[in-house]
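Load this one up in your viewer and let's take a walk through a few spots in it. We'll go one stop at a time.

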Amino acid sequence: MNSPARKKRTTTAALLSAALLGTLVTGCGGDASAGDATHVTVTVGYQSKTINTVTAGTLLRSLGYLERELKAQGKRDGITYKVEWQDYATGAPITAQMTAGKIDIGSMGDFPLLINAARGKQLNRPTRLVSVTGYNLRGALNTVVTAPQSKLASLKDLKGRTVSTSVGSAADGTLVRALQEAGLDPDEDIRKLNQQPSVGASALQAGSADALSQFVAWPGLLAFQGRAKALYDGAELNLPTFHGVTVRKDFAEQRPKVLDAFLAAQIDATRYLNDHPVQAAEKVAEATGLPPEVVYLYNGSGGIATFDPAVRPDLVAALKKDVPVLRSAKLVGDVDVDSFVDDSAIKRVYGGEYAEHLATTPDPSRNEVWLKGEDRTRAFDSPFALLEFVAGHKDQVRAAYVPDATTGTRWYADKAVWVRDGKELSPFVTASAARAYARAHPGARTVSYSAALEQAS
């Protein structure tokens with residue numbers, strides 16, 4: 001006999017699938033890139049506030065690099081290109097519009113990418129993963145947060161509680177895996193609310209959800225605003241998570257030069273972000289309304305996300321591990337990841353640099369302070385040195401960032417949980433991680449941020 005929780009899960013998956021297919025039916029009617037022989041519109045779907053995709057969306061659009069590349073291409077082939085940007089909150093509607101022929105190129109997270117592949121095959125509109133935007137090799141782009149005054153101390157405390165997430169997203173995958181590692185059944189031991197990130201944030205604030213599992217930039221935004229605190233750092237899974245670019249297979253075959261132009265523009269946008277991290281954060285903030293300090297947490301130098309379009313083998317391997325999670329939720333059947341992944345175009349555009357990018361090791365997160373009125377950040381050798389500087393410049397600090405002492409995940413210094421061990425001060429994203437560290441180091445104890453500043457001053 002099926003339990004109520006299992007029936008609820010099945011109903012949620014069925015409703016999600018029906019909603020997606022319904023969108024496909026109503027959206028059918030032609031190809032996004034349709035036009036006459038000399039005028040072509042290229043339609044790009046993106047998620048402006050999912051800032052791990054900015055090099056294929058928000059930042060790329062702000063910089064105008066795609067339009068520049070297509071203008072140059074147009075001079076060579078006698079075609080006038082126009083770019084139409086379509087902004088969405090999640091990857092599901094982008095997939096719906098792609099498989100209806102309404103979007104040519106889109107960007108989304110790893111779990112939505114698998115749904116994109118599955119729906120494309122199911123509806124005879126195959127898609128291909130052609131590049132990566134941002135990634136984190138440990139999984140830190142997804143976080144479970146609770147209300148600031150919540151008494152929940154660990155994932156095990158979620159048993160019998162209500163958790164908001166977006167079913168089928170990478171954040172949902174993190175939640176499922178984390179609960180399983182904590183010895184909880186994701187189907188039976190919690191009540192899951194399938195909500196858009198903004199709705200889930202409101203539910204958390206209203207008290208109708210005890211916790212929220214979401215992707216970049218929602219956890220960092222809510223923590224920065226004082227509306228949430230971290231309960232679980234996705235990096236504890238030590239499993240890569242990433243966002244990438246997907247293209248309709250027929251579009252890539254019909255207009256390979258346009259795809260090359262897009263990837264060339266993405267590479268240039270990535271270089272701009274890596275070379276000018278503060279300015280890039282400001283541009284993304286201006287376009288999205290997100291605080292620049294939140295954007296920099298993820299996208300800054302040594303931030304939570306590493307940006308490189310190369311399709312790394314370790315990311316593809318992680319994608320294959322995601323399939324069973326989505327299959328168990330009845331959101332996909334089997335997905336042929338090897339057929340879905342196609343790095344031939346990005347390899348072609350990168351040329352001889354491609355192998356070098358595949359072998360790149362992400363930079364570790366740094367201790368950084370961003371002072372008011374400055375267009376650069378200041379790096380410090382240790383958390384103690386950062387605290388010492390902050391203590392002497394309290395009124396001038398715009399934001400201070402520190403890496404978690406265990407996972408390396410960047411977090412806000414004033415939102416971190418600090419542990420004092422003799423003269424050493426170590427920051428952690430979550431209280432549970434801080435307690436675990438303190439238990440393993442006799443004499444160590446958690447202290448407040450103000451106490452940590454006082455010790456360092």
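What follows covers a buried arginine, a small sheet with its helices, and a cavity. Keep in mind that the model is predicted.

Start at Arg 410, which sits in strand β15, a run covering residues 410–412. Is Arg 410 buried or exposed? Its relative accessibility comes out at 1%, and since anything under 20% is called buried, Arg 410 counts as buried. So what does the side chain of Arg 410 have for polar company? One of its polar atoms lies 2.6 Å from the backbone oxygen of Ser 301. Another residue to pick out here is Leu 297: its C-alpha atom is 6.8 Å from that of Arg 410, although 113 residues separate the two along the chain.

Now move along the chain to the sheet. It is an open sheet of three strands, paired antiparallel, and the order reads β17-β16-β18. Why do β17 and β18 each have a side without a neighbour in the sheet? Both stand at the edges, β17 as residues 424–428 and β18 as residues 445–447, and each has a single partner strand, so one side of each is left free of a sheet neighbour. If you ignore direction, neighbouring strands here are turned against each other by 40 degrees on average.

Zoom in on β16, which spans residues 417–421. Strand β16 pairs with β18 in the antiparallel sense, over three bridges. To get your bearings on that pairing, find Trp 418, which stands opposite Val 447 in β18.

Next, bring in the helices. Helix α19, residues 449–456, packs on the sheet and touches β16, β17 and β18. The direction of α19 makes about 45 degrees with that of β16. Helix α18, residues 431–440, also lies across β16, β17 and β18, but α18 runs at about 10 degrees to β16.

Last stop: empty space. Rolling a probe the size of a water molecule over the atoms shows where such space is left. How many cavities of 30 Å³ or more does the structure hold? It has one, and the largest cavity contains about 90 Å³ of space. Its lining is made up of 14 residues, and the closest to the centre are Thr 174, Arg 177, Leu 239, Pro 240 and Thr 241. Two helices, α5 (110–122) and α6 (170–181), each supply at least two lining residues. Which of the elements gives the most to this lining? That would be α6, with four residues.

Notes: Residues are numbered from 1 along each chain as its sequence is written. This is a predicted model: local features need pLDDT of at least 70, side-chain atom pairs count only at pLDDT 80 or more; totals for chains, interfaces and linings use all residues. Side-chain values use heavy atoms; hydrogens and water are left out. Buried means under 20% relative accessible area, exposed over 50%, partly exposed in between (1.4 Å probe, protein chains only). A polar contact is a pair of N or O atoms within 3.5 Å; within protein, one must be able to donate a hydrogen and the other to accept it, and residues adjacent in sequence count only if both atoms are side-chain atoms. Two strands pair if DSSP finds at least two bridges between them. Axes are lines fitted to C-alpha atoms, for helices over the stretch in contact, and angles run from 0 to 180 degrees between N-to-C directions. Contact means heavy atoms within 4.5 Å. On a 1 Å grid over the protein atoms alone, a cavity is a set of points where a 1.4 Å probe fits but cannot get out, and a pocket is an open set with protein on both sides within 12 Å along at least five of seven lines; lining residues have an atom within 4 Å of a point. Grid points are joined across faces, edges and corners, and a volume is the space filled by probe spheres set on the points.
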